[in-house]
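Work through the exercises below with the sequence and the model open. Try each task before reading its solution.

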Amino acid sequence: MSKKGFTLAEVLITLGIIGIVASLTLPALIQNNKNKEVEAKLKKIYSAMNQAILLSEKDNGAKEYWLYCDFGEDTNKENTSDCRQHFEKYILPYIKYTKTEEFTAAGRYNIAIYLGDGSVLIGKVHPQLVDYFFYPNGKNFNKEEFMSVDDNGTETREKCGTTFFAFEFSPVLNDRNSKYHYRKGFEPYKRGLNNLEKEELTGSHEYACSKTSAYKVWCTALIQLNGWQIPKDYPFKVK
């Protein structure tokens, strides 16, 4: 009795179908894995930094009295040694890192803190507060491209919410714009929020997590609000 096998045409058709299915499903699987990696690292840096702040307070006193940047009489020019001291005294001794790198962006002092898991945390000190920008994948960090400038010469953060995510440490300031940071530790950037709700986080504000926003710094807060999971309708593909 002869055994009937597949013809060449049938094999090619089957392989073609498999290829089509793979091309449709593989990108979604890859992006889902990337989302999980970003979510895990966002939760990790949030926990690690707040633990570091608590440890630092035991040695250095309440965070409300820490040294930040002293701009002196010129409000546009910080004292670099003060900026550096903030990290050297209050932050770096309490976290695990491999190296640091100082650089200037938009005329201001910044420090890149390279972490052991391949991520990078950027600190930008102001009087009484620190803006932090976290790269889950440190390979995406390029200090030359850290700050974008649009056609009108306005500074933007085009890649915020995609390759890096905004946090803020502002326990001192007590005003309407700071109500989600006052007396708190390392938090997703919520400056300027009236209500911590998805509708506002994704609305028309220049800080909103939307494709039309110039800064997109509220994207981290949106992810936190969703239980540290990237929402299914998140407007960007994280990298």
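Buried means under 20% relative accessible area, exposed over 50%, and partly exposed in between (1.4 Å probe, protein chains only). Helices (H or I, at least four residues) and strands (E, at least two) are DSSP runs, numbered from the N terminus. The model is predicted: local features need pLDDT of at least 70, side-chain atom pairs count only at pLDDT 80 or more, and totals for chains, interfaces and linings use all residues. Residues are numbered from 1 along each chain as its sequence is written, and side-chain values use heavy atoms, with hydrogens and water left out.

**Exercise 1. Sort the side chains of strand 2 by the way they point, and find the strand's partners.**

Step 1. Take the directions. Arg108, Asn110, Ala112 and Tyr114 point one way. Tyr109, Ile111, Ile113 and Leu115 point the other way. In a regular strand the side chains alternate between the two faces of the sheet.

Step 2. Check the cover. Eight of the eight residues of strand 2 are buried.

Step 3. Look for pairing, which requires at least two DSSP bridges between two strands. Strand 1 (residues 97-105) runs antiparallel to strand 2, joined by eight bridges. Here alanine 105 stands opposite arginine 108. Strand 3 is also antiparallel to strand 2, with four bridges. Isoleucine 122 in strand 3 is the bridge partner of alanine 112.

Step 4. Inspect the turn. Four residues lie between strand 2 and strand 3 in their hairpin, where glycine 118 takes a positive phi near 90 degrees.

**Exercise 2. Which parts of the chain does the salt bridge of lysine 44 and aspartate 117 tie together?**

Step 1. Apply the criterion: a side-chain nitrogen of Lys or Arg within 4 Å of a carboxyl oxygen of Asp or Glu. The whole structure holds ten salt bridges.

Step 2. Test the pair. The closest N and O atoms of lysine 44 and aspartate 117 are 3.3 Å apart. Lysine 44 lies in helix 1 and aspartate 117 in the loop between strand 2 (108-115) and strand 3 (120-126), so the bridge ties together parts 73 residues apart in sequence. Aspartate 117 is partly exposed, at 28% relative accessibility.

Step 3. Contrast a local pair. Glutamate 37 and lysine 41 meet at 3.7 Å, N to O. Both lie in helix 1, four residues apart, about one turn of the helix. Glutamate 37 is partly exposed at 31%, whereas lysine 41 is buried at 14%.

**Exercise 3. Find the disulfide, and explain why cysteine 160 is left without a bond to cysteine 219.**

Step 1. Search for cysteine sulfur atoms within 2.5 Å, the cut-off for a disulfide. One disulfide is found in the whole structure.

Step 2. Identify the pair. The sulfur atoms of cysteine 209 and cysteine 219 are 2.1 Å apart. The link is right-handed, with 95 degrees about the S-S bond. Cysteine 209 sits in the loop between helix 3 (198-201) and helix 4 (219-225), and cysteine 219 in helix 4, ten residues apart.

Step 3. Check accessibility. Cysteine 209 is buried at 2%, and cysteine 219 is buried at 1%.

Step 4. Turn to cysteine 160. Its closest cysteine sulfur, in cysteine 219, is 6.1 Å away, so the two are too far apart for a bond. Cysteine 160 is also buried, at 0% relative accessibility.
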